[in-house]
Amino acid sequence: MLSVTDLTVHHGRVAAVQGLSLDVREGEFVGLVGHNGAGKTTTLMTIVGAYRPTSGSVGFDGRDLTRLSPDRILRAGVSMVPEGRRIFGRLSVGENLKIGAICRRERRQVDEDLDRMLERFPVLKKTWHKPGAQLSGGEQQQLAIARALLASPRLLLLDEPTLGLAPLMVDRVFDILEQLHAEGLTILLVEQNAARTIEVADRTYVLRTGGRVQFHGTSEELAAMGDFESAYIGMG
Ligand code: ATP
């Protein structure tokens with residue numbers, strides 16, 4: 001479904017990603033881990049059209065997304081939960097949610113999806129009129145996920161959705177992702193929490209500094225490598 005091929009992305013002179021290739025098949029839950037600065041955020045931001053690659057390509061459903069604008073990529077079915085959640089603090093929870101559906105025209109379908117989202121995330125129903133800034137970190141993260149889902153994506157990208165959350169909230173976020181995966185959504189998850197990611201993902205890619213894939217494998221393959229988190233990711 002998603003094919004990233006030989007992607008190289010520079011920030012000025014810094015090559016944040018170099019020759020990275022990865023695939024996500026329809027219905028798959030794929031993890032992308034690696035230590036700070038390995039190029040994970042840059043990879044996601046390039047897939048959604050926020051950064052232009054120096055070379056390489058991003059294909060989605062056989063379509064070349066590489067030079068498309070972010071809104072066209074969103075309309076093609078790729079939605080992202082950005083790092084740091086990016087909630088509009090002065091807008092209400094309801095307004096934040098509706099922004100997620102801004103690219104869609106079928107109003108009735110959007111209203112139905114909104115109702116279903118409030119069932120899935122009851123805390124957003126309770127806080128509907130509250131400004132986004134007044135929500136806790138965990139509530140904001142649920143809002144960010146719900147907002148991204150309201151674009152009705154076929155592929156959901158998430159950048160560090162558990163960063164800074166209390167342990168119970170981390171569990172809640174992983175539960176939500178497992179549930180979405182079970183319902184058939186295709187997911188590409190960037191996470192610091194590598195152990196937890198390989199537990200829930202079908203396959204995981206491990207990046208090293210400079211945005212190269214160090215190795216990738218199924219959860220069983222990576223689990224069989226023992227404590228690969230400290231053995232490989234720690235080394236950078
Ligand atoms: P983190 O987990 O810390 O977000 P990451 O794996 O997501 O790390 P990136 O944020 O993609 O990594 O950064 C990759 C490299 O590119 C790093 O060396 C970083 O300093 C650099 N970089 C990222 N964004 C920019 C930018 N806007 N301008 C200049 N350099 C950048």
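Helices here are DSSP runs of at least four residues, numbered from the N terminus. With that in hand, we can walk through this predicted model, starting at the ligand.

Helix α1, covering residues 40–47, gives the most to the shell around the ligand, with three residues. The ligand has 13 residues around it, and those that come nearest are Gly37, Gly39, Lys40, Thr41 and Thr42. By character, the shell divides into eight polar residues, three charged and two nonpolar.

Now zoom in on the oxygen atoms of the ligand. A polar side-chain atom of Thr42 sits 2.5 Å from one ligand oxygen. Ala38 takes part through its backbone, where a polar atom is 3.0 Å from an oxygen of the ligand. Further along the chain, Gln192 places a polar side-chain atom 3.4 Å from a ligand oxygen. Taken alone, the ligand exposes 630 Å², and the protein buries 61% of that.

Let's turn to the protein interior. The largest nonpolar core has 35 residues, of which Leu97, Leu124, Ile145 and Leu180 touch the most other members. Several elements each supply at least two residues of this core, among them the helices α3 (93–100), α4 (107–120), α6 (137–149) and α7 (167–182), along with the strands β7 (155–159) and β8 (186–190).

Leu97 is a good residue to display if you want to follow the packing. Leaving aside neighbours within four places in sequence, Leu97 is in contact with Leu114, Leu118, Leu124, Trp128, Leu143, Ala146, Arg147 and Leu150. A second core, separate from this one, has 29 residues, including Leu2, Leu7, Leu44 and Leu68.

Key. Residues numbered from 1 in each chain as written. Predicted model: local features only at pLDDT ≥ 70, side-chain atom pairs only at ≥ 80, totals over all residues. Heavy atoms only, no water. Near = heavy atom within 4 Å. Polar contact = N/O pair within 3.5 Å; in protein donor to acceptor, adjacent residues only side chain to side chain. Areas by Shrake-Rupley, 256 points an atom, 1.4 Å probe, with all protein chains shown as cover. Nonpolar A, V, L, I, M, F, W, Y, C, P; charged D, E, K, R; others polar. Core = buried A, V, L, I, M, F, W, Y, C linked by side-chain atoms within 4.5 Å. Buried < 20%, exposed > 50% of the residue type's maximum accessible area, 1.4 Å probe, protein only. Contact = heavy atoms within 4.5 Å.
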